[in-house]
Every structure is written in structure tokens, then in C-alpha cells.
Amino acid sequence: MALFVGCYNVGSFWVRYWTNPTVISLDRDYHLWNTTFPSLTVCFQKRLNEQARDELVARVDPELAPRYAEFLDTLLESDIENVGRLAEFDEFEGVDLREILNEVTDRPSAIITMEGDLQGTLVRSLTEMGICYTFNTAIARYLTIDTFTGDEKLFEVSVFNGEASATISNCTSNANFYPEYYSYGLCLLECKFYLFLKHCDCIPYFYQISGKST
């Protein structure tokens with residue numbers, strides 16, 4: 001019996017790890033019952049605002065326009081590993097890179113929803129991975145490429161509430177079946193769909209994916 005219970009507990013923890021891989025535990029003393037909700041940084045694959053990019057390209061000499069468009073794409077995709085590629089565009093040396101990024105990157109429309117119907121927004125931040133979006137960070141003033149107002153309030157949670165979570169909505173992911181929403185669970189589910197399609201060219205009816213079920 002003890003062996004069975006032990007195997008069951010280990011299996012439960014293993015399943016929980018694969019379905020919810022991020023767990024943060026906090027040790028608090030009896031003086032402090034509230035703590036700041038952990039900060040979040042996400043880096044979307046699509047960060048370019050095509051309309052803003054086209055308007056920016058239209059301002060330069062038409063002969064330089066194709067080269068300038070290539071420069072903008074390289075700038076937007078650059079990070080700590082390939083930032084050296086910008087040296088290839090020495091004809092644009094001296095331009096304000098932060099100002100350009102401010103113009104051509106999308107403003108985040110994603111909404112962070114926490115328990116108790118609390119909602120927050122993402123702030124555009126300049127990181128070593130390029131333009132990313134942060135939530136609930138005390139150092140936003142040092143990272144953001146937007147004008148920092150100082151009005152952002154940090155969300156707190158109480159140790160009496162047990163587990164606390166936040167959900168990102170109203171954002172676009174690279175998932176084909178759930179393009180308007182991202183979660184780790186949906187990402188795993190999409191992998192299952194591709195396995196189904198690979199082996200039987202179908203998706204079981206109970207997933208309610210229109211046009212794919214049998």
C-alpha cells in the first residue's frame with residue numbers, strides 16, 4: 001500500500017510539472033503577509049507595425065528606401081547575439097535607434113488578468129532579446145522605450161490566498177488553432193493536434209476544432 005501511495009504521489013507531481021512547469025514558492029516571516037506578484041516578460045514573434053514602418057521608409061530618399069527598409073527589419077530582429085549585423089548599415093550611422101524602435105514596434109494590446117478581476121497591461125521594454133513586453137516590474141522606468149509616467153502600480157498578493165495566477169489575453173500567438181490566445185496548456189494541445197493530423201488526418205470531435213474533426 002505504501003508503495004502504491006508513493007508512486008501515485010510521484011506521478012501526480014510529474015503530471016503537474018509537465019502541465020504547469022513554472023512554480024514559484026515564497027517564504028515569508030510573520031511580519032509580512034503580502035508580497036509583490038512576480039514580474040513577467042514576454043517576447044512576441046510579431047513586433048513590427050507594418051504601417052509605421054512603411055511611413056518611416058516613405059520619409060527617406062527613394063533611392064535609399066529599399067536599403068532603409070532592410071535596416072529597419074534588421075534593427076527590429078536584433079538582439080545581444082546578432083546586434084553586430086547593424087554595422088553593415090553604416091550609411092545610417094548616427095540615427096536614434098531607440099526612437100526608431102519606438103515608432104515601428106507594436107503597442108501591446110494584450111491584457112493581464114489576475115484573480116479578483118484585476119487587470120494590468122504590458123509595457124514595451126528594450127532588453128537583450130530586443131523589444132519585449134513586461135508586466136508588474138519595479139524597474140520598468142529603466143527598461144521602457146515609452147514615456148515613463150510613474151503611475152504604474154505593482155500588484156500584490158496575500159499568502160492567505162494560496163496559489164495566485166495571471167492570464168494573458170487579447171494577444172496573437174503563433175498557434176494556428178488558437179491564434180488569439182496563448183497558454184502553455186494550449187501549446188501542448190496544439191502539438192497533440194499535429195500528431196493526430198499526422199497519423200489519421202483528423203482531430204477527435206470532442207476538441208471542437210471546426211473543419212478538422214471526424
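**A walk through the structure**

Let us start at one residue: Asn-176 sits in the loop that connects strand E8 (166-169) with helix H6 (184-200). Keep in mind as you look around that this is a predicted model. Is Asn-176 buried or exposed? With a relative accessibility of 57%, Asn-176 counts as exposed, because the cut-off for that word is anything over 50%. Being exposed does not leave Asn-176 without company, as Asn-176 touches Glu-190 and Tyr-194, even when residues up to four places away in sequence are not counted. Take Glu-190: 14 residues separate Asn-176 from Glu-190 in sequence, and the distance between their C-alpha atoms is 8.0 Å.

Now step back to the whole chain. You can find six helices and eight strands in the protein chain. Read from the N terminus, these elements follow the order α-β-β-α-α-α-β-β-β-β-α-β-β-α. The protein chain has 214 residues, and 29% of them count as buried. Its accessible surface is about 15000 Å², with 55% of that belonging to carbon and sulfur atoms. What share of the contacts with a separation of 6 or more is made by residues 24 or more positions apart? In this protein chain, such residues account for 53% of those contacts.

Next, look at helix H3, which covers residues 65-77. H3 has 13 residues and reaches 18 Å from its first C-alpha to its last, close to the 18 Å expected at 1.5 Å a residue. Several H3 residues are buried, among them Tyr-68, Phe-71 and Leu-72. Which helices do the buried residues of H3 pack against? Their neighbours are helix H2 (50-57) and helix H4 (97-104).

From the helices we can move on to the strands. Strand E3 (residues 111-114) has two faces: Ile-112 and Met-114 make up the covered one, while Ile-111 and Thr-113 make up the uncovered one. E3 runs antiparallel to strand E4 (residues 118-121), and four bridges join the two. Ile-112, from the covered face of E3, has Gly-120 in E4 as its bridge partner.

Another group of strands forms an open sheet of three, in the order E2-E6-E5, with antiparallel pairing. Strand E2 (40-42) and strand E5 (123-127) stand at the edges with a single partner strand each, so one side of each has no neighbour in the sheet. From one strand to the next, the twist averages 40°. If you follow E2 across to strand E6 (residues 130-135), you will meet three bridges joining these antiparallel strands. One residue to look for is Thr-41, whose bridge partner in E6 is Thr-134.

Strand E6 also takes us to our last stop, the disulfide. A search of the whole structure finds one, formed by Cys-43 and Cys-132, with their sulfur atoms 1.9 Å apart. Why can we say that the pair ties together parts that are 89 residues apart in sequence? The reason is that Cys-43 lies in the loop between E2 and H2, whereas Cys-132 lies in strand E6. The torsion about the S-S bond of Cys-43 and Cys-132 is about 95°, so this disulfide is right-handed. As for their surroundings, Cys-43 is partly exposed, with a relative accessible area of 33%, but Cys-132 counts as buried at 1% relative accessibility. The cut-off helps here: Cys-132 is called buried because its 1% falls under the 20% limit. Finally, Cys-191 is partly exposed, with a relative accessible area of 45%.

Terms used
Residues numbered from 1 in each chain as written. Predicted model: local features only at pLDDT ≥ 70, side-chain atom pairs only at ≥ 80, totals over all residues. Heavy atoms only, no water. Expected span 1.5 Å × (residues − 1). Buried < 20%, exposed > 50% of the residue type's maximum accessible area, 1.4 Å probe, protein only. Contact = heavy atoms within 4.5 Å. Pairing = 2+ DSSP bridges. Axes fitted to C-alpha atoms, helices over the stretch in contact; angles between N-to-C directions. Areas by Shrake-Rupley, 256 points an atom, 1.4 Å probe, with all protein chains shown as cover. Disulfide = S-S within 2.5 Å.
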